[in-house]
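Let's take a friendly look at how aromatic rings meet each other, and a charge, in this protein.

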Amino acid sequence: METISIQSSSGRSRILVGERLENLQQYLPAAKPIIITDVNVGKLYPLDSLAAEVITIGTGEKIKTLDTVRDIYGSLLSCAADRSAFIVGIGGGIVCDITGFVASTFMRGVRFGFVATTLLAQVDASIGGKNGVNFKGYKNIVGLFHQPEFVLCDPELLKTLPQKEISCGLAEIVKHAAIADAELFAYLEQHKEDALALDRRVLEKLVQASVCIKASMVSRDETEAGERRRLNFGHTFGHAIEKVTGISHGEAVSRGMVVAAALSVKKGLLTSEEDRRLRTLLNNLNLPTGLGLETKSVFDAIGKDKKREGNWLHFVLLNGIGSAIVDKITVEELEDIIHG
Ligand SMILES: NC(=O)c1ccc[n+]([C@@H]2O[C@H](COP(=O)([O-])OP(=O)(O)OC[C@H]3O[C@@H](n4cnc5c(N)ncnc54)[C@H](O)[C@@H]3O)[C@@H](O)[C@H]2O)c1
């Protein structure tokens, strides 16, 4: 097991890569914990041995709302949770985002941690302390920064993931490699089949390297005032595509990265060969790279991106594979480049 730390304004967050779910108890305070999980994870991994209160929520982006948050507050009151409560979110990115928000706001904040059960959550969603929900078509628009005390990443849990969810997690690993680590990118190109087959050695290297990239950026810029913005590579378009088409987050990010790479080529920052490598890698990982989308609705959705400042968008471009910059562009400029 490897422990990677994030030092934040709210304390230290430990990411335990390779730790087993069976050992969760040792990270919990003595009092009875409260677990938030979703119906799928709850069925696959019964948590009876933990003697915890369990709150089970539904699945899918559509439940990442204030209504679900309100229901959970109700359940917390019903089980007499007080300020000493410790909440553990056990699930994918949706459970983590909701649990972090609930725990950070209930009684002005109680302690919490995560067991990340999807590859996407292990390498991205559970790490960095962004907690929040969607509201009126705006993705993650209501939320706050607050770090979990720990994130447990058990590779065994990934064995029950559908193949599509593995590809979605690999999309975020491609993102981390593309913006910060050319060697990791090349490693993924070489070991794509092993990664898809969840080869333990390859997967551990990918998860660890990915977590290290995200953790170091978050440690230097917790509230996304600068460097952390690079982690949004592929996400401006990705979030819009996700909203308009309803495809999953990882697939949408894959398409968003293709758009951002094409813009990077047009701006002379990325070579056509590097652009081709990115698209080939995503295709080889069974991720979508075509746009095939309703462009007008996507641009409407981009107008609702929370990273927009007035008419300006902070757009992440690749400055070669393994390096990224944040450029300020207008929505119109983006439309021109896409259609031009
Ligand atoms: N907070 C952040 O920094 C951050 C970063 C990236 C993504 N996100 C968010 O994460 C969400 C996407 O997360 P996700 O891709 O993990 O989706 P998800 O949470 O919906 O999980 C995907 C599916 O896999 C199932 N599942 C979970 N663990 C499983 C397991 N071990 N075996 C079998 N099935 C399992 C879930 O029930 C669900 O049906 C999006 O809402 C996105 O906005 C947040």
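## A charge over a ring

Which residue lies over the face of Tyr187? In this predicted model, that residue is Lys205, placed 4.8 Å from the centre of the Tyr187 ring.

## Aromatic pairs

Now to rings that meet other rings. The structure holds 4 aromatic pairs. One of them joins Tyr73 and Phe106: the ring centres are 6.3 Å apart and the planes meet at 25°, so this pair counts as stacked, the cut-off for stacking being under 30 degrees.

Where do Tyr73 and Phe106 lie? Tyr73 belongs to helix H2 (residues 66-78), while Phe106 is in the loop between helix H3 (93-105) and strand S6 (111-116); the pair therefore ties together parts that are 33 residues apart in sequence. The two partners also have their own surroundings: Tyr73 is partly exposed, at a relative accessible area of 26%, whereas Phe106 is buried, at 7%.

## A pair between strands

Phe86 and Phe150 make another stacked pair, with 6.0 Å from centre to centre and 5° between the planes. Phe86 sits in strand S5 (residues 86-91) and Phe150 in strand S9 (residues 150-153), so their contact ties together parts that are 64 residues apart in sequence.

Are Phe86 and Phe150 buried or exposed? Both are buried.

## A cluster of rings

Phe86 and Phe150 have company, too: ring pairs link them with Tyr27 into a cluster. When you browse the model, Tyr27, Phe86 and Phe150 can thus be viewed together as one linked group of rings.

Conventions. Residues numbered from 1 in each chain as written. Predicted model: local features only at pLDDT ≥ 70, side-chain atom pairs only at ≥ 80, totals over all residues. Heavy atoms only, no water. Phe/Tyr/Trp six-rings, centres within 6.5 Å; stacked < 30°, edge-to-face > 60°. Helix = DSSP H or I, 4+ residues; strand = E, 2+ residues; numbered from the N terminus. Buried < 20%, exposed > 50% of the residue type's maximum accessible area, 1.4 Å probe, protein only. Lys NZ or Arg CZ within 6 Å of the ring centre and 35° of its normal.
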